[in-house]
Every structure is written in structure tokens, then in C-alpha cells.
Amino acid sequence: MSSNRIISEWFEQYSDDIYHFLLYRFGSTDIEDLVQEVFIKAIKGFHAYEEKASPKTWLFSIARNVAVDEYRKRKRLNLGKMIPFEHLHEPKSENTPENILQLQKEHADLFKAIQALKPNYRDVIILRGIKELSVAETAEILKWSENKVRTTLHRARKVLLQKLGGLI
Amino acid sequence: MRNHDHNKELDDLLRTMPKPNLHHEKKATIKKSIIEQSFHYEHKRKHVIMRKRLSYGLASIATLALFSFFLITSLNGSGKEEKQNAAYQSTEEKIYNLEPRENVEENEQRYFLNSGFQQFDEEGNIVYVNKQVGFKLKNLGGGASNFEYEIAKTIDGGKTWIAKGTTRLSHVTGLSFINEDTGFLVNNSPAFEVSPTLIVTQNGGKDWKEQQLPIPAAYKDFYRQAKFPVFFTSSVGVLPVFGFKNDEGNSFLYMLVTNDGGATWQAITKNQMNDLTWTENHDQVIINYQNRQIEIN
């Protein structure tokens, strides 16, 4: 099977998973272009793809790299405009993730708390908590040891619970 | 208890966070663009490969000429160099204790961790007890700390694998066999008080039985995990157990040691027992037994 056929099949299978990851990673809905970028990078890197990794974890690891680059880019742009860091995730229009996701109160609070986490914590919470990937898969995606995944998840959950205060 | 409830509630909330699909029109647009880009990239790549092949062709003619020259001039000093290479290889094997082995399935040579008694692939999912006989672990899927694992056996060095049995466990990341019958898996389960436990077969992977392992009193209340036991002889084996103590992730290591082929295990919190010594290095442990050394991630 040709590489473009394979990538196109993977797009059908995994584009929604990648979309969820980026949606929660950025807390904004303008991430469709990033979904596209993930699969373009997959096309370019396909010949380096080792079949011992599952396509899903491979695509997630590309998405994570794309997210890290984009985060740096956005941070730089926003700093240039002198927008305080804490306003980076402020909704800009009615088309907010909260509206699109039609979040109930508890989920909306959790959504905000996740956005306030530092990126490493956010990654592990999205992959393990929301996407329910295994420790081994998460370790492969983040290029961490399984021990580090467990430790970071443990800390991230603790911070999340603190941020949610008495809400849970 | 309250903490446990909060964690469970948080996990449930996370699991049930909405997961909307990409809008179908947007999806179609992105897919079209990806396919276009893919064709464009493939075309460009083929072009580059053609050019490379052409330059390789020219280069090989030049190499052939150089090689003929080298062959004639090097005949005198060849014996000496062979000796030097042999010395270099033996040092390298002693340090890393990795052995190349043909992975028939993937048609490539991979390095296997060699204890002098067993050979493991780097992930610990394949173990060989001799040149021909090996066992392989495969996660067939599942979720929520309940996965189905299949154990397959090869008697022809990995050319063919035959499934021997399956078992449902929480989280297993490797296997170990000491002969054609006796093998071990390590189950890392949410059962905090007993985890990790050893899962043992005495009939080549068909049936499995749980065996509890000792836990040093100092580490009873903390998170612990282990991968797979490594044996240096049919009786002497080790199982490193890693864990962390608190929110700051202060990690610890203790070693489970057997001297009777896995029937009984002793938990050692020092870094030495009889001929065995070990040191921790970040996420790795380096274990020495007599003149052998292996590194386990």
C-alpha cells in the first residue's frame, strides 16, 4: 500500500483523536490547521516510521511536537503584543470551546483548570485521563519513562484537584 | 479515603469530558489537502531517489577502483588488524552485554540483552532460553487495568511463533522464561498492598498462577512497579522493583533475589547479595553477577 493511501486511512481513523488532543491542549477551537499539519508531517516522516510503534501513538507524538512548536509561536506573538500571559487562553469570541463543547458546569470548571496547568501536566492529563491511553502508550508519545508518566500524572492530578478547590 | 474518592471523581470527570468530532466539511477539506500534499511529496521524493541512485552508480565505479588498490596494498598487514578488532569487540560485549540477533519477523538485526543465561529484546517482550527456543508476550487489548496477554513460543529461533495460552492481567511489560516450561510475568496491579506480583507458568505458558512477592516494610505504602525477572543461571535471578515515595517523586529501588529458580524471593534494600551487586542510574539499574553486567531500564 502506498504511503499516501496509508496516511489517508490513518486520517480517517485518528483525525478525531488528534483533534481532541489539540483542542484540550490549546483550549481553543482554531486548531484545525494544526490537525492538518500533524498529518502533513506524518507524510514527510513516513519513511522513518517504525512499525513497532502503533500509528496512533506515532501520530500523537507528532501532534505533541506540533503543539509544542505552536505554543512557543503563540507565546512569542502574544508577548510581542504585550498581552499578559494569563490572558493567553481568554476566549476571543462566542465561538469558544466551552460553547462548542456545550460543557456542563463541572466539565467547564475542569476544562478551565486543565488550561491553567503547565504544558507537561496538561499533556499527561489529556492522554491518560481524557483519551484513556495506557501508561506505556503515554510514555512512548511523550518519550518519557513509564515511571515519569506515573509521577507526573500523580502531580498533575493533585494540582488539578487544588485548582478545582471544593468543587469536587 | 477522601483523597481516594476525589481522585476517582476526577478520573470519572476526565473520562467523560466531551470528545466532539471534527466537522465533516472541514474534515473533507483537510483530507483533500493532505492527499494533494502527499502526492506532491511522493513525487518529489522519487525524484530525489532517482538522482541519488545515479550518483551511487558513479560512486560505486570509483569505489571499485579504490577497493582493488586497497586489496593489493593491505594483504601484508591484515592479520594484525583482525586481532585488534577481536579485542575491541570483546570489550564492547563486556560493557553493554548486548548481542545482535536476527529478528526474523522484522527482517532486521536487533540487539538483545544477554544475561549469559537468557536473551531479551530491549522491551522485554521476547525472551530466548537458547538459540532456538523463545517466548513472546503480546498485549491483545483491553482497558481499565484489565488486559489480555498472549504467550507464544518459537522453537526455530523466531521464524514461527505458536500461541501457547492467554491470561488476563492488569499491566505487564515483559516476560521471562528459564526453560521450556517455567516462565514468569510480573503483574503491576491497582491492588496497592500486594503489587507487583509474580505470575508463574510451569507448563510453557498454558496455565498461570499468581505468586506473591515480599515487600520491604519501608516501601509498603508507596507506589511500586517491576518489569520482568532476569536470570543469570537456572537458579539465580533478580527482579528490580522501582517506586516513588511522595508527591515529589522521590524514587526508590529494591531488588528481589531468588536462588532457587523463582520458587522463593527475598527483598534486598542494600545493593549487594552474595555474588550480585547493583547500582541505580536514573531510570536504569546496572546489575553485576560474577563477571557479567546487564543494564535494565
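This report describes a predicted model, beginning with chain B, passing to its interface with chain A, and ending with selected residues and salt bridges.

## Overall character of chain B

In this predicted model, chain B is built with 3 helices and 20 strands. Of its 297 residues, 39% count as buried, and the surface that chain B exposes amounts to about 17,500 Å², with carbon and sulfur atoms supplying 52% of that area. When the contacts within chain B are restricted to residues at least 6 apart in sequence, 42% of them join residues at least 24 apart.

## The interface between chain B and chain A

The contact between the two chains draws on 39 residues from chain B and 48 residues from chain A. The area buried between chain B and chain A is about 4,500 Å², and carbon and sulfur atoms give 61% of it. Polar interactions are also present across this interface, where 13 residue pairs are found in polar contact, both residues of each pair being at pLDDT 80 or more. On the side of chain B that touches chain A, the elements giving two or more residues are helix H1 (2-15), helix H2 (24-74), strand S12 (223-226) and strand S14 (237-244) of chain B. The largest share of that side, 13 residues, comes from H2(B), and by class the side is made up of 15 nonpolar, 11 polar and 13 charged residues.

The count of salt bridges between chain B and chain A is 3, while the structure as a whole holds 12 salt bridges over all chains. One of the pairs that cross between the chains is formed by A:Arg157 and B:Asp11, whose closest N and O atoms are 3.0 Å apart.

## Salt bridges around B:Asp12

Within chain B, B:Asp12 takes part in a salt bridge with B:Lys8, the closest N and O atoms being 3.2 Å apart, and in another with B:Arg15, for which the N to O distance is 2.4 Å. Both pairs belong to helix H1 of chain B: B:Lys8 and B:Asp12 are 4 residues apart and so are separated by about one helical turn, and B:Arg15 and B:Asp12 are 3 residues apart, again about one turn of the helix.

The three residues can also be described by their accessibility. B:Lys8 is partly exposed, with a relative accessible area of 48%, and B:Arg15 is likewise partly exposed, with a value of 37%. B:Asp12, at 28% relative accessibility, counts as partly exposed because its value falls in the range between the buried limit of 20% and the exposed limit of 50%.

## A salt bridge between strands, and a network in chain A

A further salt bridge in chain B joins the side chains of B:Arg168 and B:Glu148, with an N to O distance of 3.7 Å. This pair links distant parts of the chain, since B:Arg168 lies in strand S7 (residues 162-169) and B:Glu148 lies in strand S6 (residues 146-154) of chain B, 20 residues apart. B:Arg168 is partly exposed, with a relative accessible area of 47%, and B:Glu148 counts as partly exposed at 26% relative accessibility. In chain A, salt bridges that share partners join A:Arg25, A:Arg64 and A:Asp123 into one network.

## Two buried loop residues

B:Thr182 is placed in the loop between strand S8 (175-177) and strand S9 (183-187) of chain B. At 12% relative accessibility, B:Thr182 counts as buried, because its value is under 20%. The side chain of B:Thr182 makes a polar contact with the side chain of B:Gln202 at 3.0 Å. Leaving aside residues up to four places away in sequence, B:Thr182 touches B:Phe177, B:Thr201 and B:Gln202.

In chain A, A:Phe46 is found in the loop between helix H2 (32-45) and helix H3 (55-80). A:Phe46 has a relative accessible area of 15% and is therefore buried, the limit being under 20%. The C-alpha atoms of A:Phe46 and A:Ile6 are separated by 9.5 Å, although the two residues are 40 residues apart along the chain.

Technical notes: Residues numbered from 1 in each chain as written. Chains lettered and ligands numbered in written order. Predicted model: local features only at pLDDT ≥ 70, side-chain atom pairs only at ≥ 80, totals over all residues. Heavy atoms only, no water. Contact = heavy atoms within 4.5 Å. Buried area = accessible area lost by both parts, 1.4 Å probe. Salt bridge = Lys/Arg side-chain N within 4 Å of Asp/Glu carboxyl O. Polar contact = N/O pair within 3.5 Å; in protein donor to acceptor, adjacent residues only side chain to side chain. Nonpolar A, V, L, I, M, F, W, Y, C, P; charged D, E, K, R; others polar. Buried < 20%, exposed > 50% of the residue type's maximum accessible area, 1.4 Å probe, protein only. Areas by Shrake-Rupley, 256 points an atom, 1.4 Å probe, with all protein chains shown as cover.
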